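Thank you all for coming; I would like to use these few minutes to talk through the charged side-chain pairs in one model. Please have a look at it with me before I begin.

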Amino acid sequence: MPRGLNKVTLIGHLGKDPELRITTNNTPVATFSMATNESYKDSEGKLIEKTEWHNIVLWRKVAEIAQQYLKKGSKIYLEGKIATRSYEKDGQKKYITEIVGDTLLMLDGKSD
């Protein structure tokens, strides 16, 4: 029996163009925000729209593909896992939760 499962599947739109950087080990990494939307009716029948924002991180070839073909507003399907990391800012420890993607499908169709 597996010890656990950390799997995320999202369909949504990029909130900004992917930013590509190269690590000190020459590994490409791309980051961007992604919005997912849902709607439901409240107890009075009013339609409620909710947007959730996700911090996305892609590595290696997937990062290069994202930087080359995606832009703000692009619709994608993404699979990956949830990861939390910490960093120091102004002497305080901060935490960030990200989606580390490993499977990316572009859903907009062919662009020019």
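I will go through some of the salt bridges one at a time, with the location and burial of their partners.

This is a predicted model, in which local features need pLDDT of at least 70 and side-chain atom pairs count only at pLDDT 80 or more, while totals for chains, interfaces and linings use all residues. Residues are numbered from 1 along each chain as its sequence is written, and side-chain values use heavy atoms, with hydrogens and water left out.

How many salt bridges does the structure hold? There are 5, where the term means a side-chain nitrogen of Lys or Arg within 4 Å of a carboxyl oxygen of Asp or Glu.

One of them joins Lys7 to Glu79, with the closest N and O atoms 3.2 Å apart. Because Lys7 sits in the segment before β1 (8-14) and Glu79 in strand β5 (residues 75-89), this pair ties together parts that are 72 residues apart in sequence; strands here are DSSP runs of E, at least two residues, and helices are runs of H or I, at least four, numbered from the N terminus. Glu79 is buried, at 17% relative accessible area, where buried means under 20%, exposed over 50% and partly exposed in between, with a 1.4 Å probe and protein chains only.

In another, Glu98 and Arg85 meet at 3.0 Å, N to O. Glu98 belongs to strand β6 (residues 92-106) and Arg85 to strand β5, so the pair links parts 13 residues apart in sequence. Glu98 is buried at 9%, whereas Arg85 is partly exposed at 41%.
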